[in-house]
Amino acid sequence: MDYGNQYSTTSYGAGGGQNGGGFMPGSQSDSPAGQKGKYGKDTLRPVTVKQLLDAHHPYPDAEHFMIDDQETTQVTFVGQVRNVSQQTTNVTYKVDDGTGVVEVKVWVDSEVMNDDGQDPKKVTEQAYVRVFGRLKVFGNKRHVGANVIRPIQDFNEISYHLLEATVVHLQATRGAPGDAKAATNGAGTANGMSATANAQLVGLTPSARKVYECLRNSPQTNEGLHMQDIALQVNMDIHAVMKAGEELSGVGAIYTTIDDHTWAIMDM
């Protein structure tokens with residue numbers, strides 16, 4: 001799996017070219033008319049919804065977005081459908097992947113409709129789906145114009161996608177394992193908190209910083225650390241720890257795991 005700077009190949013058959021599984025990045029737009037001439041240099045990148053919401057234009061009126069300071073055109077992500085809104089010309093899905101919620105618009109093809117005017121392959125609410133499409137802005141509101149949205153059959157695909165999105169993010173921000181950028185960033189992280197972590201903690205109370213440092217310096221597991229254990233380690237009142245945890249959760253620095261009072265570091 002070699003993403004480089006293009007992220008154009010994925011092992012689950014979502015990439016462009018000969019293994020695209022029917023999906024050619026850039027072969028469609030989010031409108032029936034299409035704008036094929038603009039998609040010659042499209043790339044496909046696995047992302048989270050939070051990354052889509054945090055993406056920015058490199059300059060005013062730009063058609064593409066930047067994620068991790070790299071140009072991003074076509075994206076793919078997985079999530080659960082929270083709402084479906086059927087319109088005459090399109091279907092709008094609200095998709096939640098645990099990091100955020102984004103609207104996904106699919107233009108209706110009358111040729112695939114049955115006699116009742118419904119798509120026989122329509123995705124239903126609460127279903128888990130994979131989306132391929134392009135991030136758009138209309139009326140200051142973001143949505144993904146989808147080329148493809150399909151139900152997930154194998155739930156291992158959800159975990160796989162999150163891992164793949166993490167790998168791409170880390171390679172973009174820290175470099176591939178073994179190169180100079182990775183070594184430099186690795187050393188910086190070892191000597192203290194990362195630049196992302198420092199940015200998250202700006203303006204937080206000393207108690208919140210103390211709890212964060214405790215979590216970061218503890219062995220990193222999927223389960224995380226319970227607030228009672230944190231209180232013992234940092235010698236703080238349990239209520240102060242709880243308030244600090246709420247503060248850190250509010251800025252996206254930590255997340256809950258097995259219950260509301262067990263936390264782990266969110267470093268993406």
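The following exercises, each with a worked solution, concern a predicted model.

**Exercise 1. The sheet of strands 9, 10 and 11**

Determine the strand order of the open sheet of 3 strands, and state which strands are the edge strands.

*Solution.* Begin with the order, which is 9-11-10, with antiparallel pairing. Next, look for strands that pair on one side only: these are strand 9 (225-226) and strand 10 (254-256), the edge strands. Then examine the pairing of strand 9 with strand 11 (residues 262-265), which is antiparallel and extends over 2 bridges. Within this pairing, His 226 has Thr 262 in strand 11 as its bridge partner.

**Exercise 2. Helix 5 and its surroundings**

Establish which strands helix 5 lies across, and how its axis is oriented relative to helix 6.

*Solution.* Step one concerns the strands. Helix 5 (residues 206-217) lies across strand 9, strand 10 and strand 11, and runs at about 75 degrees to strand 11.

Step two concerns the helix pair. The axes of helix 5 and helix 6 (residues 227-234) come within 10 Å, with a crossing angle of roughly 105 degrees. Because angles of 65 to 115 degrees count as roughly perpendicular, helix 5 is roughly perpendicular to helix 6.

Step three lists the residues that meet. Helix 5 contributes Lys 210, Val 211, Cys 214 and Leu 215, while helix 6 contributes Ile 230, Gln 233 and Val 234. Sorted by class, this contact of helix 5 with helix 6 has 5 nonpolar, 1 polar and 1 charged residues.

**Exercise 3. Thr 92 and the strands around Lys 105**

Locate Thr 92, classify it as buried or exposed, and trace the bridges from strand 5 through strand 6 to strand 8.

*Solution.* First, Thr 92 belongs to strand 5. Its relative accessible area is 9%, so Thr 92 is buried, the cut-off being under 20%.

Second, strand 5 (residues 90-96) pairs with strand 6 (residues 101-107) in the antiparallel sense over 7 bridges. These two strands form a hairpin with 4 residues between them, and Gly 98 in the turn has a positive phi of about 95 degrees. Across this pairing, Thr 92 stands opposite Lys 105 in strand 6.

Third, continue from Lys 105, which stands opposite Gly 145 in strand 8. Strand 6 and strand 8 (residues 141-151) run parallel and are joined by 3 bridges.

Finally, consider the contacts of Thr 92. Its side chain makes a polar contact of 3.3 Å with the side chain of Asn 90. Leaving aside residues up to four places away in sequence, Thr 92 touches Asn 83, Val 84, Ser 85, Glu 103, Val 104 and Lys 105.

**Exercise 4. Two charged residues**

Classify Arg 45 and Asp 259 by relative accessibility, and identify a polar partner of each.

*Solution.* Take Arg 45 to begin with. This residue lies in strand 1 (residues 44-46). Arg 45 counts as buried because its relative accessibility is 1%. A polar contact of 2.5 Å links the side chain of Arg 45 with the side chain of Asp 68.

Turn now to Asp 259, found in the loop between strand 10 and strand 11. With 32% relative accessibility, Asp 259 counts as partly exposed. A polar atom of the Asp 259 side chain lies 2.8 Å from the backbone nitrogen of His 261. As a last step, compare positions in sequence and in space: Asp 259 and Glu 223 are 36 residues apart in sequence, and their C-alpha atoms are 9.4 Å apart.

Conventions. Residues numbered from 1 in each chain as written. Predicted model: local features only at pLDDT ≥ 70, side-chain atom pairs only at ≥ 80, totals over all residues. Heavy atoms only, no water. Pairing = 2+ DSSP bridges. Contact = heavy atoms within 4.5 Å. Axes fitted to C-alpha atoms, helices over the stretch in contact; angles between N-to-C directions. Parallel < 35°, antiparallel > 145°, perpendicular 65-115°, else oblique. Nonpolar A, V, L, I, M, F, W, Y, C, P; charged D, E, K, R; others polar. Buried < 20%, exposed > 50% of the residue type's maximum accessible area, 1.4 Å probe, protein only. Polar contact = N/O pair within 3.5 Å; in protein donor to acceptor, adjacent residues only side chain to side chain.
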